[in-house]
Amino acid sequence: MGATGSAVSRVPGADEIQKETGFSSAHIYRLYDRFQVLDKDDNGVLSRRDLQSIGELAVNPLGDRIIDAFFPNGVETIDFRSFVRILAHFRPTEENRQREPNASEPLNSRNSKLKFAFQLYDQDKDGKISRAELLQVLRMMVGVEVTDEQLESIADRTIQEADLDGDGTISFEEFKKSLEKVNIEQKMSIRFLR
Amino acid sequence: MAEYWTIALLGCLSIPYSICASVELSAVKPSVLDGNVSSLPYSQPNHSASSGHHSSEGLSLFVMDYSHVKAPFEIVMWIMLASLAKLGFHLYGRLPAVVPESCLLILVGLLVGGAMYKVWQQPPPVLSTDVFFLFLLPPIVLDAGYFLPIRIFFDNLGSILCYAVLGTFWNVFGIGVSLYGICQVQSFKLSDVSLLQTLLFGSLIAAVDPVAVLSVFEEIHVNEQLHILVFGESLLNDAVTVVLYKLFKAFCKMQVISLEDVLVGISQFFIVGFGGVAVGIFFGLITALTTRFTGKIQVIEPLFVFLYSYLSYLTSEVFHYSGIMAIIACAVTMKQYVEFNISQKSHITVKYFMKMCSSVSETLIFIFLGVSTVRDNHEWSWPFVCFTVFFCLLWRALGVLFLTAILNKLRINTVTFKDQFIIAYGGLRGAICFSLVFLLDDFPRKRLFITSTIVVILFTVFIQGMTIKPLVELLEVKRTGKPTNVSEEIHSRLLDHIVAGIEDISGHWGHHYWKDKFEYYNKKYLKRILVRQNKQSKSSIVHFYEKLEKKHAVESPDSVVLTDLPREQRQLETSPLQLQPGELDTIKSILSHSLHHIRRKNFLTNIYYLGDLSIFHKQAPAYSRHTLQPDVNSDEMKEIQFRRHSCQSRQDNQDNNKLNDTNQIYSGCTRQKQLTRSCTIGPEYKSDQLHPTEATHPADRSIHRGDHPPSWTTDNQQDKPSISFEK
C-alpha cells in the first residue's frame, strides 16, 4: 500500500522504510538510485570504502567522522535501510505534526538531529563530550595557524559556556541548550528532491 | 596628511585638463567620448596645420601638439581621475565606512562636472550610451559572472528568476500605469504624457542595476543567500528590461498596436533570454576548447578568456539578445574547463586583470553619472519626479512581499521579513537606466524623463546606499559569520560540515535529475573534449596521491578505527608505484597539476559550507571588489604540507610529551595573519624552515603511516620547492 509506480517496488523493504523514516516513495527511489551508484561492487551493501570514494567527502574535514556515523557499533557494511535511516535525520522537519502519544520520536525531529551531531563529537559513546574529544574535532575543523594553546583556550571557553553542571564535560542536554538559538531544523535539512 | 595630498592632486589634475580642453574649444566641440574614434580624424587637419605653422617659423625648441594625442590623452585623464579619487577615499579612513564609495564617486563627478561647466561655459561631455554599453558595462558583468558563486546561485535560481522576471514585470507595469494615472491629474500639467510613454519610462526605471547593487552590497556583508538573491536578480533582469524597453519604444512609434504585436513582444522575451544564454554558452565552450591547446603559449591564455567573453557580449548585441546574460553564461561555462587548462600564472592574471577592469569601469561609471548630472537642460516637475521616486519604492516593496509569500511555500530556506526588507530596499537603480533614458527618441517630455531618472538614481544611490548599512545592523539581518558566542560558532561550523558531508553522500548537488545527467555527460564527453588530456590520465596514481594527501591533511591521531583503513588501502595501491626512474618526471608533473585540481575543487566546494571558518580571521566574500583572495592554491598546498608535518611531528612527540618541538615548528615559521577563508588556506611561511624538521623524521614516518615507500618521501622533498614556491 502506498507504493506508487513499479519503480519503488524494486526497492527492498520500501514500505517499512517509508513508515520509519517518513520519506515519500519518490525520495526512496531517488536514494536507492544513489545507493546503487555508491555501491561499487554491487552487492547490495555499502562498505566504508564506497563512502570514502566520494571525492567531496574526502576533503571535508569531518569526512571520516561522518562516514563513521553510518557504521555504528563497528559494523563493516550497511544495507539500504540503515543508509536511509541515517539520511532521514536530515529530512526537513514538518511543523505541527500530530504526534501519537506513544510513537517513537521521528528521525528528523530537532532532538534527533542534534543527537546525530552530538555523536560526531562523542567518539567513546559515553554521552558526554570530553575536553579531549572537543579538541580533536576543533583541530580537524580549524586551520593550522591556530596554535595548540589557542585551541585549548577555545575548547575551555566552549566547555565553560556550555557546561551547566560543572563537570567539565558537555552532556547532550547542555549541547542542546547551547544551540537553542540556532535554527537547527533549517540548518540540518536537505532537500532530497527538487 | 594624505587627504590633503590627494585633494591637491585632484585639483592639479583638473586644472591642466581644463586648460587642455579649452585649447580645443575653438577648434573642436569638446565631446570627448561621444565617439572618441571619430575625434581622431580631427587631429589630422590640426596636425598638418600646426606642422605647417611650425615649418613657416623654422625650428622651435618648445612645441605643444596636444591635438595629436587628444583622444587617448583625455581617456587616460578620466581613468586617472577615477583611480585617484578611489585612492583618495581609501586613505580617508573612516569615510568609506560611512558613505559608500558610489556616493563619493558621484560627488567627485559632480564637482568635476561643475568645474568643467564653469571653465567651458558649456555642458561637460555626457556619458555616451555606446561607450557605456560597449566598453564600461561588459567588464563589470564579466567579473560578476566569473566569480559568481555557482552552487548557491543554482540552488536559488528559481527564486532569482522569479524576482528577476516576474518582479520586473510587476514593477514596470505598476510604475507605468500609476505614473500615467498621476499624469492624468490636470493640475500637474502633465497630460501630454501618454500611457505608452509612461510604460516606456517604467520599463527603464524599474530595473535593478547590478553595478550599484554590487558596489553597495559588498560593503555590507549580508548572508550569502540574501546577497545572491538581490545580485542574481539584478543580473538576470536584463533580459526583461531589454525586451520591454525595445518593445515599448517600438510601440511608441507605431500608430496601431495589434494583438499580434504584443504576442511577438512576449515571445521576444524568451528569444532574448535564451538566445543570450545560448550565445554565451557557445562562446564559453569555444574558449574551453581553445585553451585546451594553449599549453605551449601560456602567455596569451588570459587574452582568450577576455576576447571570447567580450565577443559573446558583442555577438549577442548584434542579434539584440541580452548581452549581460550572454556574458554571464559564457563566464560560468568557461570557468569550469578553463580552470583546468590554463596555467596558474594565467589564472592569476585573469583574476587580477578582470578585477582591475571592473573596478575602473565601475568608478568611471559613477563619476560620469555625477558629471552628466550637471547640464543646463533639465526639466523639473515636482509631481512627476516625486511620484516617480515614491512609486519605485512602493511597487518594489509590494512586488517583493507578494512574490516572497509565494516563494516561501516552495523553498526550503524561507526568506524572512528582514531579508525581504533588504531585498526591497536594496533595489538600487544605476547607470543602465541612465543610459537607456538617453537612448530614447526625442519627444517633448524627454528632458523630464531624464531629470527624473537622474533624481531616482541619485536618491537610490545616496539615500538608500548610505542608510542600508545602518539598517542592516539595526535589523540584525543575518550577516555572514557573526559569532554570538564561541560554542555556538563552533557547533554551527560542525553542523555545516555535517550537512555538506551528508549532501555529498546523498548526492545532493547532483540530486536534481537533470544535474545528474549533466554531470554525467559533462564528465564523459565534454571534459574529454575540452580539458587538456594529461590532466585526466594516470588515474590510478593520481588517485593514490590524492588519497595520500587527503589522509595526511586530516589529522586524527587518536582514532584507532581510521588508522587501520589507510594502511589497508595503501597496501592495495602501492603496487602501481613500481616504476622506472625515467617516468618519475612525468609523474611529478602530472601530480603537480592534479594537486592543483584537488585543492581548487576543495576551495570551490568549501566556500559555501565553511564560510569564515576560524574565529580569528576576517573573511572576505568571493566577489569582493576591493580585495582579492590571497592566492589560494599555493597557500593550500603549503597548508597541506604543513599540516602533514605538524601532525606527524605531533604524533611523534605525543608519547614523549615534548611540546617544545611543535612550538619550534610553529614559531620557526614566520606567520602573518591574512584575509583567509577556510581552514585549508594557510599562512605565508618560509617553507625552507620546514625542511630541517622534515629531514629528521622520514624514517619514523614510514613506520607510523603504514607502507610509505621511502622513495616517495624523497620525491616529495624534491617536489616541494616547485610546488610551494609556485605563486
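Author: Let's start with a rule: a charge sits over a ring if NZ of Lys or CZ of Arg is within 6 Å of the ring centre and within 35 degrees of the ring normal. Keep in mind that this is a predicted model.

Reader: Okay, which residue lies over the face of Tyr146(B), and at what distance from the ring centre?

Author: That's Lys335(B), and the distance to the ring centre is 5.2 Å. There's another case in chain B: Lys355(B) has its charged end over the ring of Phe147(B), 4.1 Å from the centre.

Reader: And how do I read a pair of aromatic rings?

Author: You describe such a pair by two things, the distance of the centres and the angle of the planes. Here the count over all chains is 34 aromatic pairs. Take Phe70(A) and Phe83(A): the centres are 5.9 Å apart and the planes are at 35 degrees, so this pair is tilted.

Reader: Which parts does that pair tie together?

Author: Phe70(A) belongs to helix H6 (residues 63–70) of chain A and Phe83(A) to helix H7 (residues 80–87) of chain A, so the pair links parts 13 residues apart in sequence.

Reader: Are those two rings buried or exposed?

Author: The cut-off for buried is under 20% relative accessible area. Phe70(A) comes out at 1%, so it counts as buried, and Phe83(A) is buried too, at 0%. Now look at chain B, where Phe153(B) and Phe154(B) form an edge-to-face pair, with 5.5 Å from centre to centre and 75 degrees between the planes. In that pair Phe153(B) is buried at 7%, while Phe154(B) is partly exposed at 29%.

Reader: Which residues form one aromatic cluster?

Author: Phe169(B), Phe173(B), Phe248(B), Phe269(B), Phe270(B) and Phe274(B) do.

Reader: What about nonpolar cores: how many residues has the largest?

Author: The idea is a set of buried nonpolar residues joined through side-chain atoms within 4.5 Å. The largest core has 133 residues, and Trp78(B) and Leu137(B) have the most contacts inside it. Helix H11 (residues 224–253) of chain B gives the most to this core, 16 residues. Another core lies apart from it, with 63 residues, including Leu87(A) and Ile184(A).

Reader: Last one: how do I check a helix, say H3 of chain A?

Author: Compare its expected span with its end-to-end distance. H3 (residues 25–38) has 14 residues, so at 1.5 Å a residue it should span 20 Å, and its end C-alpha atoms are indeed 20 Å apart. Among the buried residues of H3(A) are His27(A), Tyr32(A) and Phe35(A).

Terms used. Residues numbered from 1 in each chain as written. Chains lettered and ligands numbered in written order. Predicted model: local features only at pLDDT ≥ 70, side-chain atom pairs only at ≥ 80, totals over all residues. Heavy atoms only, no water. Helix = DSSP H or I, 4+ residues; strand = E, 2+ residues; numbered from the N terminus. Expected span 1.5 Å × (residues − 1). Buried < 20%, exposed > 50% of the residue type's maximum accessible area, 1.4 Å probe, protein only. Phe/Tyr/Trp six-rings, centres within 6.5 Å; stacked < 30°, edge-to-face > 60°.
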